Amino acid sequence: MVARLVIAAPSSGAGKTTVATGLMAAFAGRGLAVSPHKVGPDYIDPGYHALATGRPGRNLDAYMCGTGLIAPLFEHGARGCDLAVVEGVMGLYDGAADQGELASTAQVSKLLKAPVVLVVDASSQSRSVAALVHGFASWDPEVRIGGVILNKVATDRHEHLLREALGESGVPVLGVLRRAPAVATPSRHLGLVPVAERQAAAVAAVAAQAEQVRQGCDLEALLALARSAPPLSAEPWEPHGSWAGVPQGRGGTTGPQTADRPGRRPLIAVAGGAAFTFSYAEHTELLRAAGAEVVTFDPLRDEALPEGTSGLVIGGGFPEMYGEQLSANEPLRKAVAALAASGAPIAAECAGLLYLARSLDGTPMCGVLDADARMSERLTLGYRDAVAVSDSVLAPAGARMRGHEFHRTVIEPGAGAAAAWGLRQPERRVEGFVQGGVHASYVHTHWAGSPEAAARFVEHCR
């Protein structure tokens, strides 16, 4: 059994990431093996979690993977650890739009039978904090709020007033944190700046967060609360054979058992580096389980694809921040275009879509797609229920997958002659491109929820 805590808040901006990352680093500094997790589709926070713990940050997304996979995926990531810290998303009870509690932090806490620590921004309140905490603690009797951490507390007098008010709530105060500029992490148009773009500064920020938590929180009480979580009955998720009869959470289909078939191991190149930081650890695990060799390369630095590349995966990230450097690496752009022209499988999501376009903000990209991309003032954000419009290296026409969009760019046209996905909400539309072996789309997917996509991709590479 792994001791576990869920770090939640009444709303975004209360300091969940700072507190969760600080707790992870503080407990890891004590010699505990700490497993880091994030509720929802966020790619950036897990980078800070990994820095704090030395283990891959993993996402728990009940919309994209299904509720039935939350506990198995948690057990997979936390195997062999002493403690797991799960950072929530948005407010405690906020989830997928018009879907009730689906994909909310509250739902994940119940699926994991994990106690919740509520992080409250106390900067503009005193006695009212008790009413807020009482409301959150009593809203859903199945959600166990085991304590509160007060953040952005101004003075000793302010702390006294807050503690006095909460003394009547029945929810213990497990930490009080003052305002501390050293723990701040810079943000921009899609949230925090990823670790890969500010490695030294990120290390310093995580160290400051750990020290703030050590000074302001009762680590012994928090650890005792984590250890009070009851055992889970779920078996750990396994990438090997996950598409061959293992429950998929949403009833995913059965795919080819590629890993068991004889033959060469196709080499799949996965884009990384500062421009392409968005990825789920399970994707690489599934590709390897399906029989592939996976090699990471950096489009900002490497002038050639890894030797023997059979397929290419280009995930999300911030190519808009590195457009000039990506464009300047002409040898690699030509190599990607040549690979696409050969018919080799290429799976590109969001940032990868932009990189395959003809241009991004007027700067030449790979030119695989007859489309041009540019920054936009409008944020596109939300879960997507997608249906494959065309047969592709990821899915046969008609297959359903769930995904997520999160970008401030647009691409024109928005879909090719053969579109990738038909989306049902928030409005009906088709989007993305399928041409030859290329599947390019704005929609991020989590292959643990549809592992047959990874098996199909490797089979095409083979």
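User: What covers the buried residues of α7?

Analyst: The covering elements include α6 (128–139), β6 (145–153) and β7, where covering rests on contact, that is, heavy atoms within 4.5 Å. The model is predicted, with local features requiring pLDDT of at least 70 and side-chain atom pairs counting only at pLDDT 80 or more, while totals for chains, interfaces and linings use all residues. Residues are numbered from 1 along each chain as its sequence is written, and side-chain values use heavy atoms, with hydrogens and water left out.

User: Which residues of α7 are buried, and what puts them on the same side of the helix?

Analyst: His-158, Glu-159, Leu-162, Ala-165 and Leu-166 are the buried residues of α7. Buried means under 20% relative accessible area, exposed means over 50%, and partly exposed lies in between (1.4 Å probe, protein chains only). These buried residues cover an arc of only 130° around the axis and therefore lie on the same side of α7; the arc is that of the directions from the helix axis to the C-beta atoms. The face turned away from the buried side carries the exposed residues Asp-156 and Arg-157. Helices here are DSSP runs of H or I with at least four residues, and strands are runs of E with at least two, numbered from the N terminus.

User: Which residues of α9 are buried, and what places them on the same side?

Analyst: In α9 (residues 219–227), Leu-219, Leu-222, Leu-223, Leu-225 and Ala-226 are buried. Their arc around the axis is only 160°, which puts them on the same side of α9. An α-helix has 3.6 residues a turn, so residues three or four places apart point the same way.

User: Why is α1 called roughly perpendicular to α8?

Analyst: Helix α1 (residues 16–29) packs against helix α8 (residues 199–216) at an angle of about 85°, with the axes 7 Å apart. That angle makes α1 roughly perpendicular to α8. Angles of 65 to 115 degrees count as roughly perpendicular, those under 35 as roughly parallel, those over 145 as roughly antiparallel, and the rest as oblique. Axes are lines fitted to C-alpha atoms, for helices over the stretch in contact, and angles run from 0 to 180 degrees between N-to-C directions.

User: Which residues make the contact of α1 with α8, and how do they divide by character?

Analyst: On α1 the contact involves Thr-18, Val-19, Thr-21, Gly-22, Leu-23, Ala-25 and Ala-26, and on α8 Val-206, Gln-209, Ala-210, Gln-212, Val-213 and Arg-214. The contact residues comprise 7 nonpolar, 5 polar and 1 charged. Ala, Val, Leu, Ile, Met, Phe, Trp, Tyr, Cys and Pro count as nonpolar, Asp, Glu, Lys and Arg as charged, and the others, Gly among them, as polar.

User: What makes a set of residues a nonpolar core, and which members of the largest one touch the most others?

Analyst: A nonpolar core is a set of buried Ala, Val, Leu, Ile, Met, Phe, Trp, Tyr and Cys residues joined through side-chain atoms within 4.5 Å. The largest has 111 residues, of which Leu-112 and Leu-150 touch the most other members. Helix α1 gives the most to this core, with 7 residues. A second, separate core of 37 residues includes Ala-275, Leu-312, Cys-350 and Tyr-442.

User: Why does Cys-350 count as buried, and what is notable about its phi?

Analyst: Cys-350 has 6% relative accessibility and therefore counts as buried. Its phi is positive, about 55°, although Cys-350 is not a glycine. Cys-350 lies in the loop between β13 (346–349) and α13 (351–356).

User: Why is Lys-113 called partly exposed, and where is it?

Analyst: The relative accessible area of Lys-113 is 42%, so it is partly exposed. Lys-113 is placed in the loop between α5 (105–111) and β5 (116–121). Lys-113 also has a positive phi, about 50°, although it is not a glycine.

User: Why does Val-171 count as buried, and what is it in contact with?

Analyst: With 8% relative accessibility, Val-171 counts as buried. Apart from neighbours within four places in sequence, Val-171 is in contact with Val-133, Ala-137, Ile-145, Gly-147, Val-148 and Leu-166. Val-171 sits in the loop between α7 (156–166) and β7 (173–178).

User: Why does Lys-334 count as exposed?

Analyst: Lys-334, in helix α12 (residues 330–341), has 53% relative accessibility and so counts as exposed.
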